[in-house]
Structure formats: C-alpha cells, structure tokens
Amino acid sequence: MHIRLKIWRQESPDAAGSMKSYTLDQVDPDMSFLEMLDMLNEQLLQHGERVIEFDHDCREGICGQCGIMINGRAHGPLKHTTTCQLHMRTFREGEEIWLEPFRATAFPVKCDLKIDRSAFDRIIQAGGYISVSTGAAPEANSIPVGHPVAEAAFDAAACIGCGACVAVCKNSSAALFTGAKISHLVLLPQGEIESQARVQRMVNQMDAEGFGHCSNTEACEAECPQQISVLHIARMNWEFNKAQVLKK
Amino acid sequence: MLESKIPGGPLEDKWSHYKAHAKLVNPANRKKLDVIVVGTGLAGSAIAASLGEMGYRVKSFCFQDTPRRAHSVAAQGGVNACKNYKNDGDGVFRMFYDTIKGGDFRAREANVYRLAECSASLIDQAVAQGVPFGREYGGYLNNRSFGGVQVSRTFYARGQTGQQLLLGAYQALMRQVNAGSVQLYARHEMLDLVTIDGKARGIIVRNMDTGAIERHGAHAVVLATGGFGKIYYLSTLAMGCNGSAIWRAHKRGAYMASPSWTQIHPTSLPQSGEYQSKLTLMSESLRNDGRIWVPKNKDESRVPNQVPEEERDYYLERRYPAFGNLSPRDIASRAAKERIDAGYGIGPLKNAVYLDFSKAIKDQGEEKIKEKYGNLFRMYEKITGVNAYQEPMRISPAAHFSMGGLWVDYELMTTIPGLYALGEANFADHGANRLGANSLLQACVDGYFIAPYTMANYLADEIKSGPIDIRHAAFAAAEEQVEKQLQLLMGIQGNLSTDYFHKTLGKILYDKCGLSRSGKGLEEAIREIADLREMFYQRLYIPGGYAMNTELEKAGRVADYLELGTLMCYDALTREESCGAHFRVEHQTPDGEALRNDRDFSFISAWQWEGADTPPKLHKEPLHFEFVTPAVRSYK
C-alpha cells in the first residue's frame, strides 16, 4: 500500500506545532497502525530526522496508553478499538490520513502525539478507591455480591483510562471516565459506604483540572474502546445530587 | 556464600515463625525512613501502597505515563488461590505441590509453600478493594480450572483479571498519594543504583519528558520492574518492558538467578511479517475447547477445512494422551516447535499450528463457544481479519515470562543489603516453569504480604542511619556514569537504528537460547552477541536530543539486553540438563522428553557480574527437598 500522512509535529510543550506531510510505500495491509508509524520512524531515522513521539505500550488494547486522533476520530475509524488494535487494511490504497494528539485543555501536548493525562490520576487520587489498608480485609465470601451487580461493576471498571472520551467530547468533559469509576465503586457493597464523599471530591477535582461539563451528546460512549455506557454518567449525577442534598 | 535465610522447622510453620520473630519499626519512627519503589505493576503498587499505609515515606517510580499502565494490566486468565470454595480437595499443601512440580523441582520449598499459604488473603484483599471477580448467582465467588491442575482454584474477572487486580493496587496507591505518604514519579526511568558502604541507598533516574537526571536517596530500594522477555524483541510483553533496572543493579553487585529460564507461551498469534513489533497472546483457556493440529503432509496446500480428518496430526493428543491439548505450557510449546522445525508448520511463513474449534462448535454449538471465548474470537478477527468460528486459528509459541531474575533470599532481599526484588523481577517461586495464573499471585503476595514484614526486619536497624544525603560522593559518581553512558550512546552517530540491533538479538536468542538449546548453538550465540554488541557501539544512530527521545530510551535498554543476552546463554550453557522451560537437546529421553539431572543440577544458578568482556561468575545455591521428593514430570 501507498499512503500519505499528515502528522502533528511539536518539539516541546511550549513550542508551536504544525501538520507535516509524509508518504510511505510498501505498507503491508496486515500491519498495525502503530507498526506503520514504526516504519515511518525508521525512515525518518535513516534520513537523520527526529522520530515522531507517540504514546503506546502494550499494543494489545488494554494498557490505555495509545491514543491518536485519526482523521478526526479518537483511535481512528473503527468503533470500540484502540489505536494499537487498528490495522492498515482498514484504510484505502493511496489514502491521506491525518494524525493529531488527543486535544483538551486538561491534556497538554508534551511532544508530537504524546500528551499529559496525569489529570486522570489526580481525579482518582481525589477519591477513586475504597479505603481499605493491606491486612484489613475480611474473608472474601463474607459479603456476597449478586452476579448482575458484580457484572455491572465490572462493565464500569473495564475503563482503560485512554482519554478518548475526553478527546471526542466537544466540551472536553471527563464525565465518562469519572462516572465509570464512581459507578464501579458505588455498585459494590464494599465501596458504597464512602460514596458521598467520593463523588463530591472526584467531581470537584474533575472541574479543577479544567475538563468541561457533560452535555449528553454521548459521543464518548460511541468512541470508547471498552464500550463504557453513558448510564454511568447518569449514575454519577444521581450520586452527586444525592450527596448535595444529604450534605444539607 | 549465598545465604537463603530459610527459617528452620516444619514447612507449614516457617512463615509464621519468621513473622513472629521479625524485627518491627515503631510507628513513630516509620516517617523517618525512606523507601524507593521502582515499578508500579502489581508488586510495585502493592508494596508502595502497603508501606505508605504503615507510615513510611515512599517514592514510587514508573516509566509509563501513569502507574495504572504497568504490564500486569495485560494478564488475562486469572489468579490462583487455595480457598477450596469448590470443596474439591484444594489446600495449601496441594497448591504448593502443584506449583513446585510445575516448576520441575527447581524452586525452594519454603518460598513456594509461603506463596500458597498467602494466596487466600490476597483474594480477601482484592475483593475489599473492589476487584469485580466473577461470581455465581448466589453472590459468592466463582472459580475455574486452569493450567492442567485438577482443582478449581483460579479466580477471574472475565479475561481482564490482571487489569482489575492492578486497578485495585493502583487505587490503593493513589489513596496513599492523596494521603501524602507516597510521592509519585511517572515517566521516570531508573538508570543506576547507588550503593554506599555496600548497602542500597538510592537510585539515579532520568525524567523521560525533560531528560533531566535526578538523584533519589532512601534507606531501602525495591525493584518491582517485571520481566525481561522483551529481550527476544517479538514477545507477548509491552513495548516498554525492559530489564534495565535489574541489570544495572546486577552490575552494582546483585546476582542474577536462572536468567535463561524464559516461558515461551504456546498460544500466541504467529509473526506475519518483518515489520511485526509484538505477538499478541490468546488466553490459554482456549485450549480447553480448541484442538491443536498440523497437516500430516508437509506440502499441504489445501485450506484447513478441506484437510480430511485422517490427514491431520493432532500431535499433542498423540504424544500426551493423558493431558492432550491441556499439557503444560513448556510441553505444548516445545511440541509445536518440533512440528514447525520438522517442516509441518502452516501459514504463509510456515511458522504456526492450527487451533481448531470445529469439533467444540459441533458438540456445544456456536453460541456456547461465543459465550466462553467471544472476546478472544473478536480480538483474533481484529488482528488477523479471520473469523475463527469458520476456520481454525493460527497460533505459535512466543516469549512470555521470565522465571529468572534477581536472586533473592527468603526475605526477597538481593545480594545487596537493602535492595529488594519483587514479582517477576526476582527468580524465586516458579522454578523452571510457571503455572498459569501464578504470576499475578506471586506479584501480589510479594507486595502485599511478604515484603512489608521482611523490609521492616531490615529497616528496624536503619533508623540510626539518619537521612540519606544525596550529596554523597557515591551519588555524584553514579550520576556521572549515567550521563557518560547517555553521551556515549548519542555520540556513536552511526547509521543503524536501535530496533535493528534489538531484532537481531531477538532472533539469535529465539534460535539458540529459546525453546531448545544446544551446547554448540549457545557457544555460537555468545560469539554472535559479542559481535553484535561491538557493532552496536560502532554503528548505532540516535536522532534527536537529550530531552524527550524515544530512541534514546530504547538504546539504553538494548545496550543492557546485549549484556543480559550473553548471560542467558552462559546460564543455559552451564546447565547440562533439561528442566521445565530449559530444554537442552543433548539431554532428552529417547521419545524427546526433558531429562532432568537431580544429582548434578539440583541447585539455583546465581551469577555475578565480572565485566562486559569477562565471563560471569557462577555461584550455586543447593536446593534441599525435605518435604517432597522430586519426581519425573509426566503428562503422558
């Protein structure tokens, strides 16, 4: 395959960036998208140019580190697929592909396609956990959890923290990410106890990080590699309102 | 002399006896003690969070952009624990025996017993953290069987058990960051260990975003940096997984144990081209219903579904009628390689075997198979474009797990006082072959339940040391050495990329220090790696500068791999027997099975660094079997 690429290049967080054009020949349709970038980087290196920095690690869709806006879509044209699981057979011969970093005020660009998602860590730090220290746990079967509840908690907990939900949202909202964690923990009897304080602290932190509000376009769910449901946002809002009322 | 510090007494009392007599640190004194933890996978997050909860001052480092991405996240199948919830006869001793047998009697009895003993508490801890394990309709935890054992002791969270356990540990860690007891350093890579008067006292790290070199001091250093299977280039590991932290500690005096014992996983996707960067694992659970075969005809050109039954060789069922397609990983991988090497491999590169679900679909219906493995079939189709409900999967063995690692004693301390190695970074519990669902277990148990006790035993005497001063000459010297190495790599200005050297090294190791090894091949490999290393320092090219630079990061890791690869070959060369994943072609039974030699090789090989151009020095830690008798591992 022959393909043409337009890629965002930015030296450092403070530098101005711009789109640069590249072409690649002999792309194998069975290559993964990131292997295509490896190929381009090898070509740049042979010409003595700085390689394109991009986030990636496990390359099997679970670590959540990869994430590129491809032709304006988070993780590219396939639904519910991370960038690393995308293959070149998805693209047409001669196609022009545009690559940009995930963009949001709360996700500053570090270099080229690499971004800073530490805001997500700080949201979790604000309360995305159950306060149990090592050694304090009771026998695991002492608190039964219904099968449907455990499954629903899992669905929320499956979030990989990639940030596609933020990147695709016109408001750069982190409501799906935050809602998924709140939902995961509040559904379980172990996590329900702290739910009030948790939801307030996490939502406040989300706002403090500069993420926008949710306006229910549901674009996040459509692009989420893990198909996390927007119902978790509704549950977060419910829990938040409940906490506000109970506070008074 | 290697002192394993195994407590005396009956097997079942050793750990409780140790805990009852270990030294403690007064809660008021803990905030005066600093601990560095490198790595934030299950072992690293668990120990950092646990020490933070106890009141120590902890610094946690990882190279990923957040701790939650450490490679524990990718483990699929499950975590073992002997809860005996199925009432099927499980217990600590049985789990201990399965594990030590699975490791081909090349692990310490006391360590393995402790692993089994602590397994039940881990499930309690994880459930309390909110890990959504699979449950039965009554609300109680479910189990499945795994990896050839005869009881159901594997807890699972769909096919994402590693992810869910890691998120539990990560959240515990974030709670401590919030509490101020743990300071987080993401995107920081450890480049050297600092020792003062023989004790581990800190590390030198590089901030991967800015390129800044930093010094960090502590009273103890924990390396929980995972395995180094990525040395083979093509592996099931993440691209960033590396051996640099443990290797640099090794060069500062920590011994490496059994570095050549690498688990090659039988059910990975095959390589499809030269560009390939990664071999994706397909869960071992597929072997519960899939049948593995190759055509009997070497030049078979028909598509698999048109090859008639009588012209298929179900070689695992043929060679191992008792365990068949569920034979342990080392056996299944080796049998696949035997067929592929003999010319019966399938696929365009003739490097794979079929994993066929047609019989299971016929017997159980497609819906049932979809319910069990739907996500895996979807993943397979995403990557290969092939619908595995209609034609067999193609699978192939791939480097997966390092049983070897830094040598540690019963306290998980390396040969450098104050330096600990946890999880896959150490060698301790899996012997020469790891059983499925035991890696998550070992990482968690090391981090939550063992190191918090054994480290206190060491730290109790460290209060009198006072704060560690990073202005000490040892820090300056280590920092200078790190900077010199970076300048050396950047200054070569040749014309070949780091990936070229990594791929070439990986190929040498796959061919000569992989699934089967020979004395002649290993000697060749040592020479070839030496030549490759020489070429690396003449022809490497790194574009860009000292700030954020992926190529510079990779070059440092590959420089270490080129030394570690040599050590692996020496390790495999000197072990003149076959055991577990280590198969020496000179040592096999007439029907091609591993031939262990307990009389001469019932010991752990611990290697001391002697310099890049000098062969390493071997130390032997004899293995004593007081409670079980090593037997021949048969799956026939």
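Start by selecting helix α3 of chain A, residues 147-157, in this predicted model, and colour the residues there that count as buried, which are A:Ala150, A:Ala152, A:Ala153, A:Phe154, A:Asp155, A:Ala156 and A:Ala157. What do the buried residues of α3(A) pack against? Add α5 (175-187) and α9 (231-247) of chain A to the selection, and then α6 of chain B, since these are the elements against which the buried residues of α3(A) pack.

**Across to chain B**

Keep α6(B) on display and select helix α2 of chain A, residues 118-125, which packs with α6(B) at an angle of about 80°, the two axes lying 8 Å apart. Angles of 65 to 115 degrees count as roughly perpendicular, and α2(A) and α6(B) are therefore described as roughly perpendicular to each other. To see the residues that make this contact, show A:Asp121, A:Ile124 and A:Gln125 on the side of α2(A), and B:Gln171, B:Met174, B:Val177 and B:Asn178 on the side of α6(B). Sorted by class, the contact of α2(A) with α6(B) comprises 3 nonpolar, 3 polar and 1 charged residues.

Now widen the view to the whole contact of the two chains, to which chain B contributes 63 residues and chain A contributes 63 residues. On the side of chain B that touches chain A, the elements to select are α3 (42-54), α5 (109-129), α6 (161-179), α12 (439-459) and α16 (550-574) of chain B, each of which gives two or more residues. Which of these elements gives the largest share? The largest share comes from α6(B), with 9 residues, and this is the helix already on display from the previous stop. Taken by class, the side of chain B that touches chain A holds 25 nonpolar, 24 polar and 14 charged residues.

**Chain A as a whole**

Next, hide chain B and look at chain A by itself, where the secondary structure comes to 9 helices and 7 strands. Along its principal axes, the C-alpha trace of chain A spans about 60 × 35 × 35 Å, and of its 248 residues 54% count as buried. Among the contacts in chain A between residues at least 6 apart in sequence, 71% join residues that are at least 24 apart.

Colour residues 3-111 of chain A as domain 1 and residues 118-247 as domain 2, and note that the centres of these two domains, taken over C-alpha atoms, are separated by 29 Å. The contact between them takes 18 residues from domain 1 of chain A and 17 residues from domain 2 of chain A. The side of domain 1 of chain A that touches domain 2 of chain A is made up of 8 nonpolar, 8 polar and 2 charged residues.

**The domains of chain B**

Bring chain B back and select residues 267-398 as domain 1, then residues 473-622 as domain 2. The centres of these two domains of chain B, again taken over C-alpha atoms, lie 31 Å from each other, and the contact draws 6 residues from domain 1 of chain B and 6 residues from domain 2 of chain B. Where on domain 1 of chain B should one look for the side that touches domain 2 of chain B? Select helix α9 of chain B, residues 329-344, which gives the most to that side, with 5 residues. By class, the side of domain 1 of chain B that touches domain 2 of chain B has 1 nonpolar, 1 polar and 4 charged residues.

**A helix pair in chain B**

Select helix α14 of chain B, residues 498-512, together with α16(B), and turn the view until both axes can be followed, for the two helices pack at an angle of about 20° with their axes 9 Å apart. Angles under 35 degrees count as roughly parallel, so α14(B) and α16(B) are roughly parallel to each other. The crossing in which α14(B) passes α16(B) is left-handed. From α14(B), show B:Thr498, B:Phe501, B:His502, B:Leu505 and B:Leu509, which meet residues of α16(B) including B:Glu551, B:Val558, B:Leu562 and B:Met568. By class, this contact of α14(B) with α16(B) has 8 nonpolar, 3 polar and 2 charged residues.

**Last stop: B:Cys579**

Finally, move to the loop between α16 and α17 (598-601) of chain B and select B:Cys579. Is B:Cys579 buried or exposed? A residue counts as buried if 20 or more other C-beta atoms lie within 10 Å of its own, and B:Cys579, with 28 other C-beta atoms within 10 Å, is therefore buried. Leaving aside neighbours within four places in sequence, the residues in contact with B:Cys579 are B:Asp104, B:Arg106, B:Ala432, B:Ala594 and B:Arg596.

How values were computed. Residues are numbered from 1 along each chain as its sequence is written. Chains are lettered from A and ligands numbered from 1 in the order in which they are written. This is a predicted model: local features need pLDDT of at least 70, side-chain atom pairs count only at pLDDT 80 or more; totals for chains, interfaces and linings use all residues. Domain bounds come from an automatic or database domain assignment. Two residues are in contact if their C-beta atoms, placed from the backbone, lie within 7 Å. Helices (H or I, at least four residues) and strands (E, at least two) are DSSP runs, numbered from the N terminus. Ala, Val, Leu, Ile, Met, Phe, Trp, Tyr, Cys and Pro count as nonpolar, Asp, Glu, Lys and Arg as charged, and the others, Gly among them, as polar. A residue is buried if 20 or more other C-beta atoms lie within 10 Å of its own, exposed if 12 or fewer, and partly exposed in between; C-beta atoms are placed from the backbone. Axes are lines fitted to C-alpha atoms, for helices over the stretch in contact, and angles run from 0 to 180 degrees between N-to-C directions. Angles under 35 degrees count as roughly parallel, over 145 as roughly antiparallel, 65 to 115 as roughly perpendicular and the rest as oblique. A crossing is left-handed if the near helix is turned anticlockwise from the far one by less than a right angle, and right-handed if clockwise.
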